[in-house]
Structure formats: C-alpha cells, structure tokens
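Here is a friendly note to read alongside the structure. Please keep the view open as you go through the points.

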Amino acid sequence: MRIARFSIDGNVAFGAVEGEGTVESGDLVLDIIRGIPYTDFELSGTKVPLSKVRLLPPVLPNKVVAIGRNYAEHAAELGNEVPDVPVAFFKPTTSVIGSGDAIEYPSFSNELHHEAELAVVIGRMCREVPRERVKDVIFGYTCANDVTARDAQQREKQWARAKGFDTSCPLGPWVETDLDPGDLTIQATVNGEQRQLGRTSDMVRSIEDLVVHITEAMTLLPGDVILTGTPAGVGPLHVGDEVAVTIEGIGTLTNKVIKRG
C-alpha cells in the first residue's frame, strides 16, 4: 500500500494512493485514512484526486539517521575508503521537505550535490532490535535526496551544516509499505538527464545491518527515517535545476532548486 500525507482546504491527513500513474499524470486518487497509519487504521471511503491536494513529506520524523559511504563506488568517487563500521549522522526535522517543494541553495555553499537514496520509515518504537525482528519494526520505504553542500562537507570536520541545512532532506512522494528492498533500481536525474543509476543490492551493509547498528545506540520512534546511502554518480545542482529521484516499486521524488530568499 502507498501511504501519502497531504493537505487539502487547510487540513492535513493521510491517504492510501489508488490507481496507476505518476503524481503529475492526474490518474491517482487518495482514499482518506481514519487514524494514523502506524497503528490499525481504516480507509474512510472518501476519495479525493491527488491532483487536488498538496503532497507533504510522507512522514514528519523525530529524527533522520543517515548512513554515509554505504556504496563502494560512491565512496571511491569522492576518494574515500569504505569504513569499517557504518558512518551515521543526523539530518534535523527542519531539513525535511516533500515532493514538489523547493530545495533552497544555502548561502554558505558554492557546490551543492544530489544524492539519491532509499529511505526506511520506522513503524514502531524500537531499541536493540535483533536481526530477525528488523522487518517487524519497518513501516515502509520512500525516496530520499540527501542534498549535500559538498564544499562545506570537505572543509568542516562535522557534516551538520553540509547535510543538515533547511530543505536538504526531500522525502516522498509517499511510503510504500509492501516492498522487498533487496534489489531495486535507484536513479537520479537532473533536468531529465540521468546522473545516478544503481541498485540497492550494491549496499555495503544491508538494511538489517543498519537497523541493528543504529538501535544498539538509540531508540527509534514511529515515523523516524533511516537514509541508506547513495550510489555513485553524485553531482552538482544549480539554481533552476529540477532533480528527480526514482526508486523501483516506489515512485519519483521531484524538487526544484531555488535561491534562498
């Protein structure tokens, strides 16, 4: 099931996406959900065309835990080794935007990069999750773009500003709850030109590895997000560019880059 979060007439709700097509096609409708999707919920039967609503980030995470250098070719293209243990960092809630929202080019950077990623959405409170229980704590999956101020990342020892600035974490367009994430195509295009193309099977460490590693240290809450790393092909974004992240079985997350006002 595809679960979207949206606003209509000033109200925010969740809905199940029905139909075939893309966000732009006009062929999709939303069956509004009674309740919140992390618990037992019912479909209301009240349906609205997706074209009539504003898509929001599919979740509002308490925290986004991102993993760096989890694809060997991406680590190599930036002159890095694959680390012995997963490299984790945070992106704040204020960095999260939805599909169709604008990425604001930060004033402290002259080298903004896209990073297409599979995002894991947590469905229940969990800590110290054993490997065999990982699937039980996952709500679903969505597309992400770990937008990075590469020059700031290279000159600053911590990545907080480079990867945590406002609008640096597009998520969407919705969460797919019924998906095997083991071997999916993941790609990024900029103005329609393909930049990144990889498969989730190329991850150095699996989703199970990452959930176990992260929850050894911290409690994850419903709606929290794990970014699983990006394949090779990262590259520059400029004001006016449109960047799209597409993941097989999920859909396409699209954002335009604008100058920060």
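1. A definition helps to begin with: two strands count as paired if DSSP finds at least two bridges between them. In this predicted model, strand E10 (residues 112-114) and E18 pair in the antiparallel sense, with 3 bridges. For one of the residues involved, Leu112, the bridge partner in E18 is Leu237.

2. Now step back to the sheet that holds this pair. Its 3 strands run in the order E13-E10-E18; the sheet is open and the pairing is antiparallel. Strand E13 (148-149) and strand E18 (235-237) are at the edges, and each has a single partner strand, so one side of each has no neighbour in the sheet. As background, strands of a sheet pair through backbone hydrogen bonds, in either a parallel or an antiparallel way.

3. Next, a look at one residue. Ser99 lies in the loop that joins strand E8 (96-97) to strand E9 (102-105). Is Ser99 buried or exposed? Its relative accessible area is 13%, and buried means under 20%, so Ser99 is buried.

4. What does Ser99 touch? Leaving out residues up to four places away in sequence, Ser99 is in contact with Leu55, Leu171, Pro173, Thr252, Leu253, Thr254 and Asn255. With Thr254 there is also a polar link: the side chain of Ser99 reaches the backbone nitrogen of Thr254 at 3.2 Å.

5. Finally, the start of the chain. An unreviewed UniProt entry places the feature "domain: Rv2993c-like N-terminal" at residues 1-58. Over residues 1-58 the model has 53% strand and 0% helix, and the end C-alpha atoms are 13 Å apart.

Key
Residues numbered from 1 in each chain as written. Predicted model: local features only at pLDDT ≥ 70, side-chain atom pairs only at ≥ 80, totals over all residues. Heavy atoms only, no water. UniProt positions renumbered as here; feature names shortened; annotations may be inferred. Helix = DSSP H or I, 4+ residues; strand = E, 2+ residues; numbered from the N terminus. Buried < 20%, exposed > 50% of the residue type's maximum accessible area, 1.4 Å probe, protein only. Polar contact = N/O pair within 3.5 Å; in protein donor to acceptor, adjacent residues only side chain to side chain. Contact = heavy atoms within 4.5 Å.
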